[in-house]
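Biologist: I have a friendly request: could we take a close look at a single part and then follow it outwards? The model comes up below.

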Amino acid sequence: MKRLLLLLLLIPLTATPFFLKPYGIYLLSLWAVMTIAAIGLNLTLGYAGQISLAQAAFVGIGAYAGALLTTQGWPLWSAFLLATALCFAVGWLLGYPALRVQHHYLAFVTLSFSTLVFLILRNEEWLTKGVYGISGIPRPTVLGWSTKAPVDFYFFCLGILALVSLATWWLVRSPWGRAFTALRENAIRAASLGVDTRRYTLMAFAVGSALGGIAGVLYAPLVQFIEPTAFALNLSLNLLLMVIVGGSGYFLGPFLGAAVSVLLPEWLRFSEGLYLILYAVFVMILMAFCPSGLLGLAERLRRFPR
Amino acid sequence: MSAVLEVRDLAKAFGGISAVNGVSFDVREGEILGLIGPNGSGKSTLFNCILGQLAPSAGEVRIDGRAITRMRPCDLNRLGIGRTFQLLQVFPQLTVRENLILAGQEHRGSMWSRLVGRRDAGLGAAADRMIEFFRLAALAAEKAGSLSYGQQKLLDVAMAFMAGPRLVLLDEPAGGVNPTMLAGLRERLREINAVDRATFVVIEHNMEFVMSLCTRVLVLAEGRIIAEGAPAEVRSNPRVIEAYLGG
């Protein structure tokens, strides 16, 4: 049943871009990219229970790795390799404070890291070109298939999203996923059952951050121009919103959350100047009445008669 | 019989308050040792010092002659030491079966092999047997958070046995469990002790449960051992009556 539902979801995802203008296709691509970053954060926060306000920094590291390499003529896959390895390693290191502090204290540690990365991107002009940003980021040609056109690049993003989703699906259903859940629900009990909470905490940060890096590598050729403010705190908060609104700890949460964050404001544009107000009211009502997000609400409704 | 657990001069102070004060005892293989005493006598602190949850201020703990003082709880578990906590500690979002699989999975292969291997870490059948053994079959697919307190307590105890431990420290297993369920729990513990030769240390306030289950009893008061012996001996000890059991 679930597989059938997933297949039914794939039909509009593959058919819709053919009926959209370039801006619509751009938004769908952005949804796919942000979903990947939110999947990473969902792993760290939703499954393993480690709050992070640093996901934008990892998207930034990935985007700059992609932009710097591809504008120098390196293929995009090399950027994927570099960004994944770099973000995994940095994410692992960022996990160490989580071994000592939790909750809002950890949020501030990760927030500081996010600010640090932003300052590096802005100030280290020799590497990042600072506030002038990097332009002319090329879109890749994959096995002879040029992704220059918006619709082609959208399908490229969708393909990467599918691969990331499959890998994450495998991970969360494996004993690792169970250990992450145990870490979130009761770390002391988990440790008493042999779960190496230290290693799983670091791994949750590392894998989640690596996915942020992969999203960044895709983001750079999508917008073709990047500059530091795109990866400031605002994006981290937006990614956090995606995870919470979709349903933290639900596999499909980031997909829904990213749709709400990326697509809903655009759908509300019919209300002209009111669209951001309507969007804010929607999020406030949802969080007030269903803090477990849209999928949490769906689960409550499903269990309602019981 | 050889000592599985040796505790020597163990002490734990919180600021100026001495919770455990130079406690020494041995636990022999296959024994069911009861640890009783009034609230605040240091029983749970003693457990937490033995099991690495708290760093002792002084003293030493040995398992099979090997020093384990200050070892991490997860490493101690992998040495074959299980435990339960005073307050319920199940994972409410996981099903009963998943709770049990989790309780054994970290003993199976390496971390990497668990990522690429079977989803149940090869523990599905063992979890089902444990579910049957603890009479939880009807609840196997239910989320642990939806179980009654007594059922969660049974699950909590069952989890401590999933990895086939040699030594299990049970902190108030009878607390909040109804008499029928308690009789069942006692039978399960006796059976595991007899069949698997598992050794237990049990903290409990339910005297009937302690006296009928344990082979030896230690009495703790103000962080020190004040009496030790067979259940009947301890029950009639005037110091124990004065400090804990009452007239």
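Which residue takes a positive phi just after α1(B), and of about what value? Please tell me about that helix and the sheet it packs on.

Modeller: Happy to, and please keep in mind throughout that this is a predicted model. The residue you are asking about is B:Gly52, whose phi is positive, at about 80°. This glycine comes just after α1(B), a helix that spans residues 43–50 of chain B.

Let us start with the helix itself. Eight of the eight residues of α1(B) are buried, so the rest of the structure largely encloses this helix. If you walk along α1(B), you pass B:Lys43, B:Ser44, B:Thr45 and B:Leu46, then B:Phe47, B:Asn48, B:Cys49 and B:Ile50, and each of them is buried.

Now for the sheet. It is an open sheet of six strands in chain B, with the order β6-β7-β8-β3-β9-β10 and mixed pairing. The edges are taken by β6 (81–83) and β10 (224–229) of chain B; each has a single partner strand, so one side of each lacks a neighbour in the sheet. On average, neighbouring strands here are turned by 15° against each other, if direction is ignored. Against this sheet packs α1(B), touching β3, β7, β8 and β9 (216–221) of chain B. The direction of the helix makes about 150° with that of β7(B).

Of the strands that the helix touches, β8(B) deserves some time. This strand covers residues 199–203 of chain B, and five of its five residues are buried, so β8(B), too, is largely enclosed by the rest of the structure. A reminder that helps here: side chains in a regular strand alternate between the two faces of the sheet. In β8(B), B:Thr199, B:Val201 and B:Ile203 lie on one side, while B:Phe200 and B:Val202 lie on the other. Both faces of the strand are covered, with every one of these residues buried.

The neighbours of β8(B) can be traced residue by residue. With β3 (residues 32–36) of chain B, β8(B) pairs in the parallel sense over four bridges. Within that pairing, B:Ile32 has B:Phe200 as its bridge partner, and B:Leu35 has B:Ile203. With β7 (residues 167–171) of chain B, the pairing of β8(B) is parallel as well, this time over five bridges. There, B:Val168 has B:Phe200 as its bridge partner. B:Phe200 is therefore a handy residue to click on, being the partner of both B:Ile32 and B:Val168.

Chain B has another sheet that you can set beside this one. Four strands form an open sheet in the order β2-β1-β4-β5, and the pairing is antiparallel. Its edge strands are β2 (17–28) and β5 (66–67) of chain B, each of which pairs on one side only. Nine bridges join β1 (residues 3–14) of chain B to β2(B) in the antiparallel sense. For a landmark in that pairing, find B:Leu5, which stands opposite B:Val27.

Still in chain B, have a look at a pair of helices. Helices α3 (residues 96–105) and α6 (residues 149–161) of chain B pack at an angle of about 30°, and their axes are 8 Å apart. Angles under 35 degrees count as roughly parallel, so α3(B) and α6(B) are described that way. Their crossing is right-handed. On the α3(B) side the contact uses B:Val96, B:Asn99, B:Leu100 and B:Ala103, and on the α6(B) side it uses B:Leu155, B:Ala158 and B:Met159. Sorted by type, the residues of this contact are six nonpolar, one polar and no charged.

Finally, let us step out to the partner chain. In total, 20 residues of chain A are in contact with 27 residues of chain B. On the chain A side, the elements giving two or more residues are α7 (150–173), α8 (175–185), α9 (187–192) and α10 (197–223). The most comes from α8(A), with six residues. By type, the residues on this side of chain A are eight nonpolar, six polar and six charged.

Terms used:
Residues numbered from 1 in each chain as written. Chains lettered and ligands numbered in written order. Predicted model: local features only at pLDDT ≥ 70, side-chain atom pairs only at ≥ 80, totals over all residues. Contact = placed C-beta atoms within 7 Å. Nonpolar A, V, L, I, M, F, W, Y, C, P; charged D, E, K, R; others polar. Axes fitted to C-alpha atoms, helices over the stretch in contact; angles between N-to-C directions. Parallel < 35°, antiparallel > 145°, perpendicular 65-115°, else oblique. Left-handed = near helix turned anticlockwise from the far one by under 90°. Buried ≥ 20, exposed ≤ 12 C-beta atoms within 10 Å, placed from the backbone. Pairing = 2+ DSSP bridges.
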